[in-house]
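Reader: I'm new to this one and like to know what stands behind each term. Can we go through it together?

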Amino acid sequence: MIEKKNFYINGKWVSPSKPNDFEVIDPSTEEPFAIISLGSIEDTDIAISAAKKAFETWRETSKEKRLALLEKFDQIYNRRWDEMVKAQSTEMGAPLDYASETHTKMGADISKNIIKIIKDFNFEHQFDPKSNNHIRYEPIGVCGLITPWNFPMNQIVLKVIPALAAGCTMILKPSEIAPISGILFAEMIHEAGFPPGVFNLVNGNGEVVGNHISGHPDIDMVSFTGSTRAGKLIQKNAADTIKKVTLELGGKGGNIVFADSYPNAVRDGVRNIMSNSGQSCDAPTRMLVQKPIYERAVKEAVDEANLIKVDVASKKGDHIGPVISKIQYDKIINLIESGIKEGATLAAGGPELPNGLNKGYFIKPTIFTDVTNDMRIAKEEIFGPVLSIIPFETEEEAINIVNDTSYGLGNYLQTEDKEKAHRVAKKLRSGTVYINGNGTDSGTPFGGYKQSGNGREGGFWGLQEFLEVKTITGWNK
Ligand code: NAD
């Protein structure tokens, strides 16, 4: 059993103010594998005051000093890669190869990208060569960073590294159900030698630590990734202190497969939704298929879903693992049952455990066909390996169906007609549109429209969220 009960505050590992042990469950076995502490309001206050004090000096550091520390962190992260793979694999059920090639690699790519961006970024410049006005980018202050469990390291690095690069100080509260990678991350920050108080980690739940962070007057900004439900609570709780709140929330992506799409479009769409066991915020969970190819598409989708293997995370291979928790498992099974009750056709998978697995939160890759956009499975974020297939006839109809959701994070479209692809991409209301299976480059902005959020993470746009911009007049007089 791993014991990681201390918090990282003011450059040291400190005991919580009162013991509050919490077991971390391995979703492949349903057994606890680690014990952490859940923090209190007092622990959070101590961390916030350490960050507030450290801000006075950290904000004045040169870009070169911050860069040198970030480069050191980057080397440590790469050296301790296998530990990071193991931590994420066990805590959230990502199979080892996926935990390395996707989860851990995302963290490394983001960190490298931010280092590159700030090398070229001018934190101050003349407004115009003829003007005496001067523009300065300054760190926003003390930041509360609250992250989810589905891509633990991706979410942490996307916030902490640009915040450090900007000159902010911070309190990180990772998801309490997948906290081990966050603790390892804090060890790496410590080893890199960031000054005490610049980065602090307090584990805990949302109701106590998260809530205290979002309402605290000494927190200048909250950067949150998680559910739309918690995002709304945070926004409300932050209102009295007028702090900046950036929200990266849920999604219900549509994937329009036109009749002229490339040959493997349906199979790729199925693989995409099932990866990470369906626990991706921008997963293409609603596949819209144009009627002339509907029957062929359904056959291919079912065949592909049945080819996907499900197994424990500790094995190497290209299978998918369990979903994170009993709560998520029950929610997904409930939604699968709602799809059956509401009259969708269950074409693959279903609510039973996959063959050969009697323990663990495993769900069969599941496909519903003949879904209509008013069914719960088409409206709610399922966050599991469940795909809804919806038939459509015209381009306009497909765009309307995709946009008919309260979310707007990632949408997808498949067609070999470039003009149509561009036309449709512009009409889809989401932060990202993926055409013909292409992925995004590290450093492009990521974020949502509508109830998928209001911020952008990644590259220059992610850095900018942590900066205030100041105009100083009379600079040259
Ligand atoms: P969650 O909202 O339950 O929890 C996320 C984090 O918020 C956790 O650290 C939790 O402890 C904390 N929290 C919960 N209630 C809080 C409150 N009232 N105040 C402050 N903090 C609170 O989400 P989850 O189940 O961990 O993650 C899954 C969700 O995250 C999905 O909806 C997914 O779409 C979303 N997500 C979005 C993005 C994105 O970039 N848009 C990326 C990954 C995940």
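Author: Sure, let's start with one pair: in β5, the residue opposite F22 is I36. This is a predicted model, where local features need pLDDT of at least 70 and side-chain atom pairs count only at pLDDT 80 or more, while totals for chains, interfaces and linings use all residues. Residues are numbered from 1 along each chain as its sequence is written, and side-chain values use heavy atoms, with hydrogens and water left out.

Reader: What makes β4 and β5 a pair of strands?

Author: Strands are DSSP runs of E, at least two residues long, and helices are runs of H or I, at least four long, both numbered from the N terminus. Two strands pair if DSSP finds at least two bridges between them. Strand β4 (residues 21-26) and strand β5 (residues 31-37) have six bridges, in the antiparallel sense, so they meet that rule. V24 also has a partner in β5, namely A34. In between sit the four residues of the hairpin, where E30 has a positive phi near 65°.

Reader: Which strands are at the edges of the sheet with β4?

Author: That open sheet has three strands in the order β1-β5-β4, and its pairing is mixed. β1 (2-4) and β4 are the edge strands, because each pairs on one side only. On average, neighbouring strands here are turned by 25° against each other, ignoring direction. Angles run from 0 to 180 degrees between N-to-C directions, and the axes are lines fitted to C-alpha atoms, for helices over the stretch in contact. Helix α6 lies across β1 and β5, at about 50° to β5.

Reader: How do you know which residues E176 is in contact with?

Author: Contact means heavy atoms within 4.5 Å. Leaving aside neighbours within four places in sequence, the residues that E176 touches in this way include F22, V24, I36 and L38. E176 itself sits in the loop between β9 (169-173) and α6 (180-192).

Reader: Why is the link between the side chains of E176 and K173 called a polar contact?

Author: A polar contact is a pair of N or O atoms within 3.5 Å; within protein, one must be able to donate a hydrogen and the other to accept it, and residues adjacent in sequence count only if both atoms are side-chain atoms. The side chains of E176 and K173 come to 3.4 Å, so the distance fits that limit.

Reader: Which residues come nearest to the ligand?

Author: Among the 29 residues around the ligand, the nearest are T147, E176, S227, L249 and E381. A residue counts as near if one of its heavy atoms lies within 4 Å. One ligand oxygen distance, to a polar side-chain atom of E381, is 2.6 Å. For an N or O atom in the side chain of W149, the distance to a ligand oxygen is 2.9 Å.

Reader: How much of the ligand does the protein bury?

Author: The protein buries 92% of the 840 Å² that the ligand exposes when taken alone. Such areas come from the Shrake-Rupley method with a 1.4 Å probe; for residues, only the protein chains shown count as cover. Two or more shell residues come from each of α7 (206-215), β11 (221-225) and α8 (228-238). With four residues, α8 gives the most.
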